[in-house]
Amino acid sequence: PAMNFRSLTFALTATTLLATACNAHDVKGVTLDSEGVCTTGVNVEIVKPKIMLVLDKSGSMANETWDDDADPATPDATRWASLHGVVDDLVAGKQDRIDFGATLFPSVDATSELADACVMTTDPEVGVAEYNHEAIMHALPDAGEQVEGGTPAAAGIEQAVSHLLGLDTENPRAMILVTDGAANCMEGESGMDKSTVYDENLPVAVQDAYDDHGIPTYVIGIDIRNETGSAPVANPFEKLNEVAVVGGQPREGEAMFYDVSDGVELQAALDSIATSLSCSIALDELPAANQNIALEVDGLDESEVESCDDEGWRWAEDGEQRTIELCGDTCARFQASGDLQVDFLCE
């Protein structure tokens, strides 16, 4: 009997974004298997997300130490030394599938003096570009350097958003904010208030980026205390939870940001975010209730899984848009091959 089918197109994108530069591919010829199941298939190309790393270079990053390698027998390292090493590994390992840029808050010219603690550059230290590892590491102070300054995170986000909006691209865009405390350096404040007043512009800037431009912010908190501090007078745990929510990527649980307590967890958080940004497939249409999905990567069948702790694929919800997230080795093989086929199995 004659069977009806609809043409389907797919595009690779970050989980939270609608825009993509991936061209639609022609639907392959419809086939009818021995059980009378009609199948349409589409191959998908890799699209490299544009990611700005918004990195805390405040004085506490060098003044505070923690466990860098989860080995009690080795000396602790500064938070800055850990972040420096993790960014080095991340960009070197992922730059073939993600275009990175980096902005520091405050800039390398900031000092511990109140008058100069919140200094920022006019533009990001390194704009988003292909194969940017060397440029980013050159812009970062050395791992052992005594970094200084306050925490002008809002200015860092605003600078990153402006740069991302200026890119001539339809590729997915996102920010990864890494900080060890609540934001200060609020515009308009002076004297000690520069240090002690929480900068309420941070959640506003993050929310505007997400709501107005579809740019999400992934928030990583380094060794965050769930108590009110003095510089600024705010609870950093609560404030970062707020930023994570308005940034569109809150996590489940009490900590809605990536709450990391050592260098190993910091590495894992950044790797997890980077992987999720480059291994999600946006569906232009959804399968009907009576349709199943068959998915292949590089010619191999992949199973649906409940958790990305396993190899395979799973559904990821994003408001009205449904996406498929590739997990574990499935993600790695797709990134290496660029070959993915999705079939809707019809009645």
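Of the contacts in the protein with a separation of 6 or more, 72% are between residues 24 or more positions apart. The model examined here is a predicted one. The chain holds nine helices and 17 strands, and 51% of its 347 residues are buried. With that overview in place, the helix packing makes a convenient starting point, followed by two individual residues and then the salt bridges.

Two packed helices are described by the angle between their axes and the distance between the axes. For helix 4 (residues 153-165) and helix 6 (residues 201-213), the angle is about 20° and the axes are 8 Å apart. Because angles under 35 degrees count as roughly parallel, helix 4 is roughly parallel to helix 6. The crossing of these two helices is left-handed. On the side of helix 4, the residues in contact are Ala153, Ala154, Ile157, Glu158, Val161 and Leu165, and they meet Asn201, Leu202, Ala205, Val206, Ala209 and His213 of helix 6. Sorted by class, the contact of helix 4 with helix 6 comprises nine nonpolar, two polar and one charged residues.

Helix 6 also packs against helix 7. Here the axes come within 8 Å and cross at roughly 15°, so that helix 6 is roughly parallel to helix 7 as well. The handedness of this crossing is right-handed, whereas that of helix 4 with helix 6 is left-handed. Helix 6 contributes Leu202, Pro203, Val206, Gln207 and Tyr210, while helix 7 contributes Glu242, Val243 and Val246. The contact of helix 6 with helix 7 divides into six nonpolar, one polar and one charged residues. Leu202 and Val206 of helix 6 appear in the contact with helix 4 and again in the contact with helix 7.

Helix 7 (residues 236-246) offers a further point of interest in Leu240. With a relative accessible area of 2%, Leu240 is buried, because buried means under 20%. Leaving aside residues up to four places away in sequence, Leu240 touches Thr179, Gly181, Val219, Gly221, Ile224 and Phe257. The C-alpha atom of Leu240 is separated by 9.2 Å from that of Ala183, and the two residues are 57 residues apart along the chain.

A second residue to visit is Asn132, which sits in the loop between strand 8 (126-129) and helix 3 (133-139). Its relative accessibility is 9%, so Asn132 counts as buried. Not counting residues up to four places away in sequence, the contacts of Asn132 are with Val91, Gln95, Phe100, Gly101, Val126 and Gly127.

Turning to charged side chains, the count of salt bridges comes to nine. One of these joins Asp99 and Lys48, with an N to O distance of 2.9 Å. This pair links distant parts of the chain: Asp99 belongs to strand 7 (residues 99-105), Lys48 lies in the loop between strand 3 (38-43) and strand 4 (50-56), and their positions lie 51 residues apart in the numbering. Asp99 and Lys48 are both buried. A network of salt bridges links Lys48, Lys50 and Asp99.

Asp180 and Arg79 form another salt bridge through their side chains, at 2.7 Å from N to O. Asp180 is in the loop between strand 9 (173-179) and helix 5 (193-196), and Arg79 is in helix 2 (residues 79-94), so this salt bridge ties together parts that are 101 residues apart in sequence. Asp180 counts as buried because its relative accessibility is 9%, and Arg79 counts as buried because its value is 2%.

A salt bridge is also found between Arg333 and Glu311, where the closest N and O atoms are 3.1 Å apart. Since Arg333 lies in helix 9 (residues 328-337) and Glu311 in the loop between strand 14 (300-302) and strand 15 (312-318), the pair ties together parts that are 22 residues apart in sequence. Arg333 is partly exposed, with a relative accessible area of 23%. Glu311 is likewise partly exposed, at 41%. Asp180 and Arg79, by contrast, are buried.

Definitions and conventions: Residues are numbered from 1 along each chain as its sequence is written. This is a predicted model: local features need pLDDT of at least 70, side-chain atom pairs count only at pLDDT 80 or more; totals for chains, interfaces and linings use all residues. Side-chain values use heavy atoms; hydrogens and water are left out. A salt bridge is a side-chain nitrogen of Lys or Arg within 4 Å of a carboxyl oxygen of Asp or Glu. Helices (H or I, at least four residues) and strands (E, at least two) are DSSP runs, numbered from the N terminus. Buried means under 20% relative accessible area, exposed over 50%, partly exposed in between (1.4 Å probe, protein chains only). Contact means heavy atoms within 4.5 Å. Axes are lines fitted to C-alpha atoms, for helices over the stretch in contact, and angles run from 0 to 180 degrees between N-to-C directions. Angles under 35 degrees count as roughly parallel, over 145 as roughly antiparallel, 65 to 115 as roughly perpendicular and the rest as oblique. A crossing is left-handed if the near helix is turned anticlockwise from the far one by less than a right angle, and right-handed if clockwise. Ala, Val, Leu, Ile, Met, Phe, Trp, Tyr, Cys and Pro count as nonpolar, Asp, Glu, Lys and Arg as charged, and the others, Gly among them, as polar.
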